[in-house]
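Let's take a walk through this model together, starting with the whole chain and then moving to a few individual residues. Keep the viewer open as you read.

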Amino acid sequence: MLVLAGCRRPAFTGPPDQRVHVLMKNWEIVPETIVIARNAKVELTIESDDVQHGLAVDGLDIDESVRRGKPAVVRLIAGQAGTYVMRCSILCGRGHDQMKGKIVVR
Ligand SMILES: [Cu+2]
C-alpha cells in the first residue's frame, strides 16, 4: 500500500460522527462555511443543482466532480485544525471563480 505523507485523506468505516450536505450551484457553494471537528468521522454529501461542478478542498485531498442528480459522497477525517479553502474545480461557466467557501476544522 502506498502512503503519501500527510496529504492522503484517511478513510473510515461505519457510521459518521457528522454528516454535512453541500450544494453546488451557479454560482455558489452552500453553505459557504462548514465547521467540522478535528479527528471526527465526517461524511460530505455533495450535490449539484444545475450543471457539473467539482468540489475541491485544498489540503484535505478532496476533488470530487458532481452532476445534477448524482450526488457524490466523500468521507474524511481531518487531523489538522485550520481553515481549508473549498472551490469549484470544474470550469462551469461565467461565475465559476465565485464558487468558493471554506471548511473550518476545530
Ligand atoms: Cu466551476
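Ile46 is a good place to begin: its bridge partner in β7 is Ala72. Please keep in mind throughout that this is a predicted model. The pair belongs to a wider connection, since β4, which covers residues 42–48, is joined to β7 by 5 bridges. These two strands run antiparallel.

Now widen the view to the sheet around them. An open sheet is formed by 4 strands, and if you read across it the order is β2-β1-β4-β7, with mixed pairing. Why do β2 and β7 each have one side without a neighbour in the sheet? The reason is that β2 (28–30) and β7 (72–76) stand at the edges and each has a single partner strand, so one side of each is left free of a sheet neighbour. From one strand to the next, the twist averages 20°.

With the sheet in mind, step back to the protein chain. It has 9 strands and 0 helices, so to speak a plain list of elements: from the N terminus on, they run β-β-β-β-β-β-β-β-β. How does the radius of gyration of the protein chain agree with that of a compact globule? For 106 residues, such a globule would have a value near 13 Å, and the protein chain has 13 Å, so the two agree. Along the principal axes, the C-alpha trace spans about 35 × 30 × 25 Å. Of the 106 residues, 24% count as buried. Contacts add another angle: among those between residues at least 6 apart in sequence, 65% join residues at least 24 apart.

Next come the loops, where the backbone offers some details to check. Going from β1 (18–25) to β2, you pass through a loop that holds Trp27. The peptide bond from Asn26 to Trp27 is cis, with omega near 0°. Another cis peptide bond joins Val30 and Pro31, and here omega is about -5°. Pro31 sits in the loop between β2 and β3 (33–36).

Two residues other than glycine deserve a look for their positive phi values. Asn39 has phi near 70° and lies in the loop between β3 and β4. Is Asn39 buried or exposed? Neither label fits: Asn39 has 14 C-beta neighbours inside 10 Å, and because a residue needs 20 or more to be buried and 12 or fewer to be exposed, Asn39 counts as partly exposed. Asp61 has phi near 60°, and its place is the loop between β5 (53–57) and β6. Asp61 has 16 C-beta neighbours inside 10 Å, so this residue counts as partly exposed.

Finish with Gly69, which you will find in the loop between β6 (62–66) and β7. Here the neighbour count is 7 C-beta atoms inside 10 Å, and Gly69 therefore counts as exposed. How far apart are Gly69 and Arg87 in space? Their C-alpha atoms are 20 Å apart, while in sequence the two residues are separated by 18 positions. From this loop the chain leads into β7, the edge strand with a single partner, and that brings you back to Ala72, the bridge partner of Ile46.

Definitions and conventions
Residues are numbered from 1 along each chain as its sequence is written. This is a predicted model: local features need pLDDT of at least 70, side-chain atom pairs count only at pLDDT 80 or more; totals for chains, interfaces and linings use all residues. Two strands pair if DSSP finds at least two bridges between them. Axes are lines fitted to C-alpha atoms, for helices over the stretch in contact, and angles run from 0 to 180 degrees between N-to-C directions. The radius of gyration is taken over C-alpha atoms; the globule rule is 2.2 Å times the number of residues to the power 0.38. Two residues are in contact if their C-beta atoms, placed from the backbone, lie within 7 Å.
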